[in-house]
Amino acid sequence: MDMKYPFDEFEREVRQKLAERGYPNAKIEEPKEEIADLAFPCFHLSKIFKKPPDKIAEDIAKNIGHGKWIGKVEAINGYVNFHINIKELANVVKEVGKDFGKGKKKNITVIVEHTSANPTGPLHIGRARNPIIGDSIARILKFGGYDVKTQYYVDDMGKQVAILLWGIKNLKIRSDEKRLHYKYVKFYQEAAKLMEEDEKIRDEISNIIKKCEEGDKKVLEEIKKVYKPVLNGIIESLHQINISIDEFVEESKFVINGDVYNIINKLASLKYAKKDGRAIYLDLEDFGIHGRSKKFFLTRSDGTSLYAARDIAYHIWKGERADMLIDILGEDHKLEAEQVRIALKLLNEKLPEVVFYSFVSLPEGRMSTRRGKVIYLDDLIEESIERAKKEIRNRNMGREKIDYISQNVGIGAIRYNIIKVNPDKSIVFKWEDALNFEGESAPFIQYAHARCCSILKKAEIKEKSNYSFNHPSEIKLIKTIAKFPNFVRKAINNRNPAIVAEYAYKLASDFNAFYRDCKVIGSKEEQDRLALVNASKQILASSLNLLGIEALEEM
RNA sequence: GGGUCCGUAGCCUAGCGGAGAAGGCGGCAGCCUUCGGAGCUGCAGAUCAGGGGUUCGAAUCCCCUCGGGCCCGCCA
């Protein structure tokens, strides 16, 4: 059994009471918090009973009575409004610890695939949305009781990486760039340009791809040697923003072990399979894909496999290793993901859930590595940490502490600013927003946490058997704290970390209001309030951890 | 041409069938007789892109139009 959480118990009781009065499966809703904790609208009953909604609500409210969790019931404007019993709720402060909000162990394994960027250059801020979403989802699912592993699918045999290899072997480019992967990206860019202009180069690159397909060990080794430093650079950037990936899976694996060709053969035997010259494709007309998009190519006419075909093999392989698959993909992959999904369905294989995110662009327009219109993640990180350092450098702290704090504030700000917006909204990157340390931002939340710590350091908590809260700001805060498990659940169900981000901000904001209105140390409610501060601290820390942001004790 | 997502105050975002549309940034005016000012309070600012429809009730659901992103490659 999951732990019992107050707002679940409260809702259960409300539903039970309504069912007893003849309203089973009632549609109840959560109104604005100033109004009530739960409400039952009676408008739809008006026709049935031939009475105005107000009257119906009044009749119901009169007959409900109190309960363990129901404190007050009243009828207003055609709603039956339920208020949670604060006396009962107050004692959750005793339950709130690190595990508050955690789901029970589910024995469900999940593979979250994220980032999977081509190892041909450093991550730019557009691609950074992927790992930040993926890592946060992985953290939230783990907290919810799932066994989660993250994977990065390394494209070590596509055109991109072949272009990079060709460039490094054939071009001479001078660069004073010290970091190897930054140097390499220049080779890639130049090679890609030359390839477009020159058919001979195009053939040479095709030849590299063909060799890979044949499982040519020497070429695959050469490729690995070139992409490895680039991938290491990416791993390092990710590490900086608190992201580490459990497993790296090379695409070539599925060509070498024959999976790709077995799958292509299987698909080629289906009635949807057709040929264009010697290239094999699936006709997806019957699956609701029309127009030019309906041809889903699996092979080139030279017999080599295409990315999407290999992706099918990868998904089947993943499906054998986990109960649930989640992919984080940019919206540009929507069609490809749908095609892969249809193929997997035809093969009767496990289907992935895909979380898509919209693009990050610059005020001048789309990011483009070619035209040099990019902002690299590393530069953002550096700038953000620098900005955080400026804020605290005059404080009386050791250098190590200053570094530690500015590191975590800077990174927190980056992660928060990206994760707080729903993935389906596009983002126009602006430095002033990305480096915002005020208001709806990580530092704001971290600051509230540090305040909690500071208060707790100055006083001693003594356990009480019964807690009570009376000030409106105390009540608002304890309610928000108690709702944490509900928000975690919602974030899991929607696969959306933005829900946790928004919650964390509200918690911090409610804590600040409490801090403003209620003196803790030296007050006659000191012990009750210390318990409330401690609970706030715990949940602020839990929320931040779910987003991969460090809960700082001082800043 | 086909598909898909988005359009909420100057800017960014929440709400996605129910009760004066909720926050942040920016602007203006305030709050240090000390529990951390990366904070707090107040003010100004919204035909919820536009038009139809469904409903007792629509920012929210359906249709159309307009604007923008992304895709429609034997690239990944």
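**Reading a predicted chain, from one residue outward**

Modeller: R495 is buried, with a relative accessible area of 18%, where buried means under 20%, exposed over 50% and partly exposed in between, for a 1.4 Å probe and protein chains only. Residues are numbered from 1 along each chain as its sequence is written, while chains are lettered from A and ligands numbered from 1 in the order in which they are written. This is a predicted model, in which local features need pLDDT of at least 70, side-chain atom pairs count only at pLDDT 80 or more, and totals for chains, interfaces and linings use all residues, and side-chain values use heavy atoms, with hydrogens and water left out.

Biologist: What sign does the phi of R495 have?

Modeller: Most residues other than glycine have a negative phi. R495, although not a glycine, has a positive phi of about 50 degrees, and R495 sits in the loop between α19 and α20; helices here are DSSP runs of H or I with at least four residues, strands are E runs of at least two, and both are numbered from the N terminus. N25 also has a positive phi of about 50 degrees without being a glycine, and its place is the loop between α1 and β1 (38-41).

Biologist: Is N25 buried or exposed?

Modeller: N25 is exposed, its relative accessible area being 76%, whereas R495 is buried at 18%.

Biologist: How should I read the whole chain before looking at its parts, and what share of chain A is buried?

Modeller: Chain A has 555 residues, of which buried residues make up 53%, and its secondary structure comes to 21 helices and 13 strands. The C-alpha trace spans about 85 × 65 × 40 Å along its principal axes. If contact is taken as heavy atoms within 4.5 Å, then among contacts between residues at least 6 apart in sequence, 74% join residues at least 24 apart.

Biologist: Into which domains is chain A divided?

Modeller: The bounds, which come from an automatic or database domain assignment, give domain 1 (6-84), domain 2 (156-248), domain 3 (251-357) and domain 4 (377-546). The centres of domain 1 and domain 2, taken over C-alpha atoms, are 63 Å apart.

Biologist: Which residues touch the most other members of the largest nonpolar core?

Modeller: A nonpolar core is a set of buried Ala, Val, Leu, Ile, Met, Phe, Trp, Tyr and Cys residues joined through side-chain atoms within 4.5 Å. The largest one holds 174 residues, and L18, F40, F82 and I312 touch the most other members. Helix α21 (residues 526-546) contributes the largest share of this core, ten residues. Not counting residues up to four places away in sequence, L18 touches Y23, P24, A26, I28, F40, I60, I64 and F82.

Biologist: How many residues of helix α18 are buried?

Modeller: Helix α18 (residues 472-482) is mostly covered, since nine of its eleven residues are buried, including S473, E474 and K479. These buried residues pack against α1 (6-20), β3 (79-84), α4 (86-89), α19 (484-494), α20 (498-517) and α21.

Biologist: How is empty space found, and what volume does the largest pocket have?

Modeller: Rolling a probe the size of a water molecule over the atoms shows where empty space is left. On a 1 Å grid over the protein atoms alone, a cavity is a set of points where a 1.4 Å probe fits but cannot get out, a pocket is an open set with protein on both sides within 12 Å along at least five of seven lines, and lining residues have an atom within 4 Å of a point. Grid points are joined across faces, edges and corners, and a volume is the space filled by probe spheres set on the points. The largest pocket has a volume of about 1,400 Å³, and of its 46 lining residues the closest to its centre are N118, R127, Q160, D332 and H333. Helix α12 gives the most to this lining, with five residues.

Biologist: Why is the largest pocket said to lie between domain 2 and domain 3?

Modeller: Domain 2 (156-248) and domain 3 (251-357) both give residues to its lining, so the largest pocket lies between them.

Biologist: Which residues line the largest cavity?

Modeller: The search of the whole structure finds one cavity of 30 Å³ or more, and the largest cavity has a volume of about 40 Å³. I137, I140, L141, A491, I492, R495, N496 and P497 line it, which brings us back to R495. Helix α5 (129-143) gives the most to this lining, with three residues.
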